Amino acid sequence: MMRRYISFFTALLFLLSATGQNSQSAIDPSVLSAQTDSSHYLVGGIVEYTLEYPFAATSFSLDTVHGLLQLEERIDTVENYLRHSISFLVVDSGTLAMPKVTLDYTGDTYTTDSTAVSAHLIPLKEGKERAAYRALKSIDFNFSHWISHYKFHLLGLLLVLAVAYPLFRLFSRKINPKNDKEDLPEKDWFADTMTALAKLREEQPWEIDAKGYYTSIADILRRYLSVQTGLPLSEQTTSENLAKLRARSTSEEVQRFEFIMTRADFVKFAKGQTTVQEHLDCLQRAEQLVLDFKPKEKNDGLE
């Protein structure tokens with residue numbers, strides 16, 4: 001039993017060691033080389049970090065770096081190698097470690113050797129001290145400078161407006177066409193109303209739907225009288241219509257309207273039964289009421 005445990009742990013240690021060996025990255029300057037243009041810099045200076053590796057290399061990765069700010073990258077070709085140049089700005093003093101680079105080539109992983117540079121502050125001149133930190137200076141707004149800075153943006157805005165305005169006018173004309181009342185004939189409400197009543201007499205809808213027949217008569221009269229009298233009769237009840245018409249019409253006209261609307265309400269709401277003669281009588285009264293409110297011709301008063 002003990003031998004089995006020993007064999008198991010031995011195999012496990014062997015696998016772990018093999019995995020650790022495979023995960024290690026090789027350092028080979030012939031495959032991946034790295035160098036800086038100097039080893040001493042001043043804070044605010046530029047470090048040129050140059051890497052060279054074969055074309056076939058893959059999985060290029062750059063570690064994070066402290067005290068250096070990456071500015072730009074450039075890649076050139078040198079025979080069968082790539083020359084990868086990276087510029088860093090020195091933002092801190094002291095010993096700064098350059099970032100390690102890792103890549104894959106022919107199935108193996110390669111990395112750069114540890115490289116460090118030293119950064120120093122600009123030395124003081126003899127007899128002079130560093131100036132104290134000064135607050136930021138506020139600068140007054142200058143319109144001419146603002147125009148000069150944003151001139152291309154403003155020019156682009158003007159071009160967009162120049163194109164958008166004609167398009168807006170074009171689409172607004174299509175959506176809201178001009179209402180040329182002079183070219184359109186006025187609606188003849190009297191003729192249209194008489195035609196609608198004549199159509200009811202011809203089609204005799206009371207034989208199928210008496211309720212719908214009286215609803216049609218009521219709607220036709222309300223709409224016609226609203227136009228001729230200027231009263232809002234379409235959206236009101238029968239009692240409200242009668243109250244308004246009594247102040248604007250004769251008693252006979254009001255009686256005809258009251259008879260028709262009462263009969264219509266009786267059939268629509270009380271579901272009363274009426275005869276064919278009563279249907280025709282109601283239609284005749286409606287026609288006479290339309291004639292009573294017939295608009296006068298323009299030349300009737302000129303004699």
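1. Let's start with Val-163, which sits in helix H3, a helix covering residues 151-175. Please keep in mind as you read that this is a predicted model. Is Val-163 buried or exposed? Its relative accessible area is 53%, and the cut-off for "exposed" is over 50%, so Val-163 counts as exposed.

2. Val-163 also has company at the surface. Together with Leu-167, Leu-170, Phe-171 and Ile-175, Val-163 makes a nonpolar surface patch of about 500 Å². As background, nonpolar side chains in soluble globular proteins tend to be buried together. With that tendency in mind, have a look at this patch in the 3D view.

3. Now for the interior. The largest nonpolar core has 28 residues. Which residues have the most contacts inside this core? They are Ile-217, Leu-221, Leu-225 and Phe-257. Five helices each give two or more residues to this core: H4 (189-203), H5 (210-229), H6 (238-246), H7 (251-268) and H8 (276-292). The top contributor is H5, with eight residues.

4. Leu-221 is a good residue to click on if you want to see this core from within. Leaving out residues up to four places away in sequence, Leu-221 touches Phe-257, Ile-260, Ala-286, Leu-289 and Val-290. A second core, of 20 residues, lies apart from the one just described. Among the members of this other core are Ala-57, Phe-88, Leu-103 and Val-117.

5. Thr-193 deserves a look of its own. This threonine is found in helix H4. Thr-193 counts as buried because its relative accessibility is 6%, and the buried class takes in values under 20%. What does Thr-193 touch, not counting residues up to four places away in sequence? The answer is Ile-220, Tyr-224 and Val-290. Val-290 is also touched by Leu-221, so you can use Val-290 as a landmark when you move between these two residues in the viewer.

6. Next, the strands. S1 (residues 33-36) and S3 (residues 46-54) run antiparallel and are joined by four bridges. Within this pairing, Gln-35 stands opposite Thr-50 of S3. S3 also pairs with S6 (residues 81-90), again in the antiparallel sense, this time over nine bridges. To find one of these bridges, look for Ile-46, whose partner in S6 is Leu-89.

7. Two loop residues have backbone angles worth checking. Glu-79, in the loop between strand S5 (68-78) and S6, has a phi near 55 degrees, a positive value in a residue other than glycine. Thr-106 is in the loop between strand S8 (101-105) and strand S9 (108-111). Thr-106 is not a glycine either, and its phi is positive at about 50 degrees. Are these two residues buried or exposed? Glu-79 counts as exposed because its relative accessibility is 73%, and Thr-106 counts as exposed because its value is 60%.

8. Finally, step back to the whole chain. The protein chain has eight helices and 10 strands. Of its 303 residues, 24% are buried. The accessible surface comes to about 22,500 Å², and carbon and sulfur atoms account for 56% of that area. Among contacts with a separation of 6 or more, 60% are between residues 24 or more positions apart.

Terms used. Residues numbered from 1 in each chain as written. Predicted model: local features only at pLDDT ≥ 70, side-chain atom pairs only at ≥ 80, totals over all residues. Heavy atoms only, no water. Pairing = 2+ DSSP bridges. Patch = residues over 30% accessible without salt bridge, like charges linked within 9 Å, V, L, I, M, F, W, Y side chains within 5 Å. Areas by Shrake-Rupley, 256 points an atom, 1.4 Å probe, with all protein chains shown as cover. Salt bridge = Lys/Arg side-chain N within 4 Å of Asp/Glu carboxyl O. Buried < 20%, exposed > 50% of the residue type's maximum accessible area, 1.4 Å probe, protein only. Core = buried A, V, L, I, M, F, W, Y, C linked by side-chain atoms within 4.5 Å. Contact = heavy atoms within 4.5 Å.
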